[in-house]
Amino acid sequence: MARVKICRKTNCHISIPYGQDNPYCEIHKAMYRPKPEFKSKSSYERKRQQRDYNANRRDKEANEFYHNKTWKHLSAGLKQQAMFTCECCGRTSTTKGYLVVDHIIPRKIDKRKQLDKGNLWVCSYTENPDCFISRA
């Protein structure tokens, strides 16, 4: 007997060949959406996209704020104070870009609290974007 698997559609128990790429049976095959092939970008391409985003799409005031010395020192100090640990999930990392200092009350809403340590928290971003969602 050949290996088979069950259709991925809930409450559909039709058997399909194990080697079939489409995880749905003939009845539900239209539900299949193949994932696009992931193509990693070179560091040059990522930097170019970031420069383009900062120059053309990002809020100019926000761009100036996040690139000034005061913010860089404050965010580095908060990461160090948190011992490079996410306040949401508890993961620890010293990898650049993994931990982000985020505003609890967004700086667009209240600019007076944009440098207030009580309005900032350290959370992971790269591998666990759910930390941003869980605070809402």
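**A walk through the model, starting at Ile 6**

Let's begin with the company that Ile 6 keeps: setting aside residues up to four places away in sequence, Ile 6 is in contact with Cys 12, His 13, Ile 14, Ser 15 and Pro 23. Keep in mind as you follow along that this is a predicted model. Ile 6 belongs to strand E1, which covers residues 4–6. Its relative accessibility is 46%, so Ile 6 counts as partly exposed, given that this class lies between the 20% limit for buried and the 50% limit for exposed. For a sense of distance, pick Cys 89, which is 83 residues away from Ile 6 along the chain. The C-alpha atoms of Ile 6 and Cys 89 are separated by 35 Å.

Another residue to select is His 28, found in the loop that runs between strand E2 (15–17) and H1. With a relative accessible area of 17%, His 28 is buried, because the cut-off for that class is under 20%. Beyond the residues within four places in sequence, His 28 touches Cys 7, Lys 9 and Cys 12. Cys 12 also appears among the contacts of Ile 6.

Now zoom out to the whole protein. Four helices and four strands make up its secondary structure, and along the sequence they follow the pattern β-β-α-α-α-β-β-α. The radius of gyration is 22 Å, whereas the globule rule gives 14 Å for 136 residues, so the protein is more spread out than a compact globule. You can set beside this the span of the C-alpha trace along its principal axes, about 65 × 30 × 30 Å.

What share of the 136 residues counts as buried? The figure is 26%. The accessible surface comes to about 10700 Å², and carbon and sulfur atoms account for 53% of that area. As for contacts with a separation of 6 or more, 36% of them are between residues 24 or more positions apart.

Finally, let's visit the largest pocket, which has a volume of about 1400 Å³. It is lined by 34 residues, and those closest to its centre are Gln 50, Arg 58, Tyr 66, Trp 71 and Val 100. Which elements supply at least two residues each to this lining? They are helix H1 (43–57), helix H2 (60–66), helix H3 (69–81) and strand E3 (99–103). In chemical terms, the lining of the largest pocket divides into 13 nonpolar, ten polar and eleven charged residues.

Terms used. Residues numbered from 1 in each chain as written. Predicted model: local features only at pLDDT ≥ 70, side-chain atom pairs only at ≥ 80, totals over all residues. Heavy atoms only, no water. 1 Å grid on protein atoms, 1.4 Å probe; cavity = no way out; pocket = protein on both sides within 12 Å on 5 of 7 lines; lining within 4 Å. Points joined across faces, edges and corners; volume = space filled by probe spheres on them. Nonpolar A, V, L, I, M, F, W, Y, C, P; charged D, E, K, R; others polar. Rg over C-alpha atoms; globule rule 2.2 N^0.38 Å. Buried < 20%, exposed > 50% of the residue type's maximum accessible area, 1.4 Å probe, protein only. Contact = heavy atoms within 4.5 Å. Areas by Shrake-Rupley, 256 points an atom, 1.4 Å probe, with all protein chains shown as cover.
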